[in-house]
Amino acid sequence: MTETFLKNSWYCAGWDSDIGIGAKDLVVRKIAGRPILLYRKLDGGIVAMEDRCPHRSAPLSLGRKEQDSIRCMYHGMLFGPDGKCSHVPGMATVPDDARVPSLPVVERDNWVWVWMGDPAKADADLICEAIGPGNPDWILKTNKIQIKTNYRQEIQNLADLSHVSWVHEMTFGGTEDWGYIKPKHNVTPRGIETRYCVRQVPAPAFAKHLFPEDARFDIQVHVRMSVPCNFILSFAVHEAGDATSGPTNGRLLLDTFSSQAVTPRDDDSIDYYFSWGTSKATYIPGIVDLMHTANMEAFLEDKRMLEGQRERMLEFPNAPLVDIVHDAGPGRMLFVLDKLLQEENEAAAAREAAQ
């Protein structure tokens, strides 16, 4: 069977604040088609395990926490944080195969990351670099949204910001200049890195009321994307400079940063965790709240477009699609993803043939 999701990869399971230490704090995330239970131990560390009792496949998330363990409330089997069953009521000896798969989990930048593949290959250095709301040098607000689309469509959406002019006309847009950008996409082992400057543009639609009508700005953009679909954005607003190529030479006005992690639930839906805010050095009272509201409105604009696109693609599965100049970024990002998927599928096929 050919897998459509990378196994040896870190998947975001949400913000650290989503998972509490209370008795009823049992969080379930569907990640790459697999239900994962998350909860905190007494020391605050997070446990990640498959949300399925090995007896009759009852959801462990319907169970209860007992210190660092989880009790299945179907027949009372008790599983430790390593997934091994330590007690079966009515049995003196626990069956050797009474075990729930547990998964490596890391908290970083206020995100929770779960490794879905071979635990021996769980390298924390593969987690994307980001800035979390706990960083003392930044003022960031977080949110999340669920979208009924395939994560490959979200990759295409994020790797091509020319759509800002059109999809986000009433929020991030307000100018057609985004449709004429010429980004430079550099391929990395697990993604792409993109830099460009949008020059001499008016303020975005959500902030136009703050500036004179003739005010113009340069926007310096730096994007780092990594598999499965992580999008780390540095978005710096400058006074319009006179440079016509390379970085802007205009004075920095607002240094903003957005960390965005897209987690495929299955082939037809994604969980999207995101933040946006400014550096403390360039913070203006009220600006982060304004940005946060605009961000949520913009992602609802994305949601409408992506869900509509998904519906039509399912209705017209064999319809030809035309490539345009703005497909360069999406093409490179999907090339990296598909190369890694092919390597995993070939390795799985070789293991199966050797058995």
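Two rings of Phe, Tyr or Trp count as a pair if their centres lie within 6.5 Å, with the six-membered ring standing in for Trp. Keep that in your pocket for the exercises below, which all use a predicted model.

**Exercise 1.** Find the aromatic cluster that contains Trp276, and say how many aromatic pairs the count comes to.

*Solution.* Start with the cluster: Phe172, Trp178, Tyr196, Phe206, Phe235 and Trp276 belong to one group. Then go for the total: the count comes to 15 aromatic pairs.

**Exercise 2.** Classify the pair Phe5 and Tyr151, and work out which parts of the chain it ties together.

*Solution.* First, the geometry. In general, you describe a pair of aromatic rings by the distance of the centres and the angle of the planes. For Phe5 and Tyr151 these come out at 5.4 Å centre to centre and 35° between the planes. Stacked needs under 30 degrees and edge-to-face needs over 60, so this pair is tilted.

Next, the location. Phe5 sits in the segment before β1 (10–15), while Tyr151 belongs to helix α1 (residues 151–158), so the pair ties together parts that are 146 residues apart in sequence.

Last, the burial check, with a cut-off of under 20% relative accessible area. Phe5 has 8% relative accessibility, so it counts as buried. Tyr151 has 2%, so it counts as buried too.

**Exercise 3.** Lay out the open sheet of seven strands, then place helix α4 on it.

*Solution.* Write down the order: β11-β17-β16-β15-β14-β13-β12, with antiparallel pairing. The edges are β11 (138–147) and β12 (184–188), each pairing on one side only. From one strand to the next, the twist averages 15°.

Now zoom in on one pairing. β14 (residues 217–226) and β15 (residues 230–239) run antiparallel to each other over 10 bridges. Gln220 stands opposite Ala236 in β15.

Then add the helix: α4 (residues 328–354) packs on the sheet and touches β12, β13 (191–201) and β14. The direction of α4 makes about 0° with that of β12.

**Exercise 4.** Is Ser258 buried or exposed, and which polar contacts does its side chain make?

*Solution.* Place it first: Ser258 lies in strand β16 (residues 252–266). With 2% relative accessibility, Ser258 counts as buried.

Now the polar partners. The Ser258 side chain makes a polar contact with the side chain of Gln260 at 2.8 Å. A polar atom of the Ser258 side chain also lies 2.6 Å from the backbone oxygen of Ser275.

Finish with the neighbours: leaving out residues up to four places away in sequence, Ser258 touches Phe231, Ile232, Leu233, Ser275 and Trp276.

Definitions and conventions
Residues are numbered from 1 along each chain as its sequence is written. This is a predicted model: local features need pLDDT of at least 70, side-chain atom pairs count only at pLDDT 80 or more; totals for chains, interfaces and linings use all residues. Side-chain values use heavy atoms; hydrogens and water are left out. Two strands pair if DSSP finds at least two bridges between them. Helices (H or I, at least four residues) and strands (E, at least two) are DSSP runs, numbered from the N terminus. Axes are lines fitted to C-alpha atoms, for helices over the stretch in contact, and angles run from 0 to 180 degrees between N-to-C directions. Contact means heavy atoms within 4.5 Å. Buried means under 20% relative accessible area, exposed over 50%, partly exposed in between (1.4 Å probe, protein chains only). A polar contact is a pair of N or O atoms within 3.5 Å; within protein, one must be able to donate a hydrogen and the other to accept it, and residues adjacent in sequence count only if both atoms are side-chain atoms.
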